[in-house]
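Visitor: I am new to this structure and should like a close look at a single part of it. Would you please take me through one sheet and the helices beside it?

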Amino acid sequence: MADAFAGVRLLGPPEADGEYIALSEHDVVHLHEYERVYAVPGLYEYVVQERLRCRSPQVAAEGFLRTAARRGLDPGSMTVLDVGAGTGLVGELVRRGGVARVVGVDSLPAARAASMRDRPGVYADYVVGDFLLGDALSAALRPYAFGGLVSAGAFGGTHATPKALQNALAILPAGAPATFTIDERWMDESDPDGFGAAVERLVAGGGLVVTERTRFRHRVTTTGEPIFYELITGYVG
């Protein structure tokens, strides 16, 4: 894969106006310009997984499988919801871990197209929708009896909001394992609109039982600085 993208360069500094990728001398795209990045087979994995050493997919998948095992659940009998499924790496990893069926959800049609192109057969279904819009997505997912939820990096920042997390968890039955990773910058519990406060409200209200909360290095920036996330695992109360 490296040979195919030999001309790709990483550009910074990220604190100015974001991280960029130079595909060629005259073609520069933002790292989060997903429609452009997803359109090139393998480009997202090369840049984010290989060059920026992103660990969230592996950490989330392993966390989910660990939580399911602790609860005595057989992954071979489970249908799992992958929120913010992207190109399908998390779905592929939990399937390798023995999960019977995975249904992906992403707000971008380009993500679904990339997953179907690069990882055909990983998902039993891949739905384009937004958990903030609630009813339409819930209706599309209603045929599935979900036994758990996994998500790597889909919540926080410019991605899904705390309300989206709440709506996603709401479709799971009591006792279902849930695992997600979130940038630690969005976990400040003093921010009433942030994820830290949202998770605390879910825990206090009995909607989520947290069994593991771990800080880890999500990836590095295009200029090499570490970005830290939190892994949160537990089950629906």
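Guide: What follows is an account of one sheet, a helix that packs on it, and a second helix beside the first.

The model is a predicted one. The sheet in question is open and consists of 7 strands, arranged in the order E6-E5-E4-E7-E8-E10-E9. Its pairing is mixed. In general, the strands of a sheet pair through backbone hydrogen bonds, and they do so either parallel or antiparallel. At the edges lie strand E6, residues 125-128, and strand E9, residues 208-220, each of which pairs on one side only. On average, neighbouring strands of this sheet are turned by 15° against each other, direction ignored.

Within the sheet, one pairing may be examined in detail. Strand E4 (residues 79-83) and strand E7 (residues 148-155) run parallel and are joined by 3 bridges. Here Asp82 stands opposite Val150 in E7.

Helix H5, formed by residues 89-96, packs on this sheet. The helix touches E4, E7 and strand E5 (101-106). The direction of H5 makes about 165° with that of E5.

The next element to consider is helix H4, which spans residues 56-70. Two packed helices are described by the angle between their axes and by the distance between those axes. For H4 and H5, the axes come within 9 Å and cross at roughly 35°. This crossing is right-handed. On the side of H4, the contact is made by Pro57, Gln58, Ala61 and Leu65; on the side of H5, by Leu89, Val90, Leu93 and Val94. Sorted by class, the contact of H4 with H5 has 7 nonpolar residues, 1 polar residue and no charged ones.

H4 itself deserves further attention. The helix has 15 residues, and the distance from its first C-alpha to its last is 21 Å, close to the 21 Å expected at 1.5 Å a residue. Which residues of H4 are buried? They are Ser56, Pro57, Val59, Ala60, Ala61, Gly63, Phe64, Thr67 and Ala68. Pro57 and Ala61 are thus listed as buried, and both also take part in the contact with H5. Just after H4, Gly72 takes a positive phi of about 70°.

To draw the parts together: H5 packs on the sheet, touching E4, E5 and E7, and the axis of H5 crosses that of H4 at roughly 35°.

Technical notes:
Residues numbered from 1 in each chain as written. Predicted model: local features only at pLDDT ≥ 70, side-chain atom pairs only at ≥ 80, totals over all residues. Heavy atoms only, no water. Pairing = 2+ DSSP bridges. Helix = DSSP H or I, 4+ residues; strand = E, 2+ residues; numbered from the N terminus. Axes fitted to C-alpha atoms, helices over the stretch in contact; angles between N-to-C directions. Contact = heavy atoms within 4.5 Å. Left-handed = near helix turned anticlockwise from the far one by under 90°. Nonpolar A, V, L, I, M, F, W, Y, C, P; charged D, E, K, R; others polar. Expected span 1.5 Å × (residues − 1). Buried < 20%, exposed > 50% of the residue type's maximum accessible area, 1.4 Å probe, protein only.
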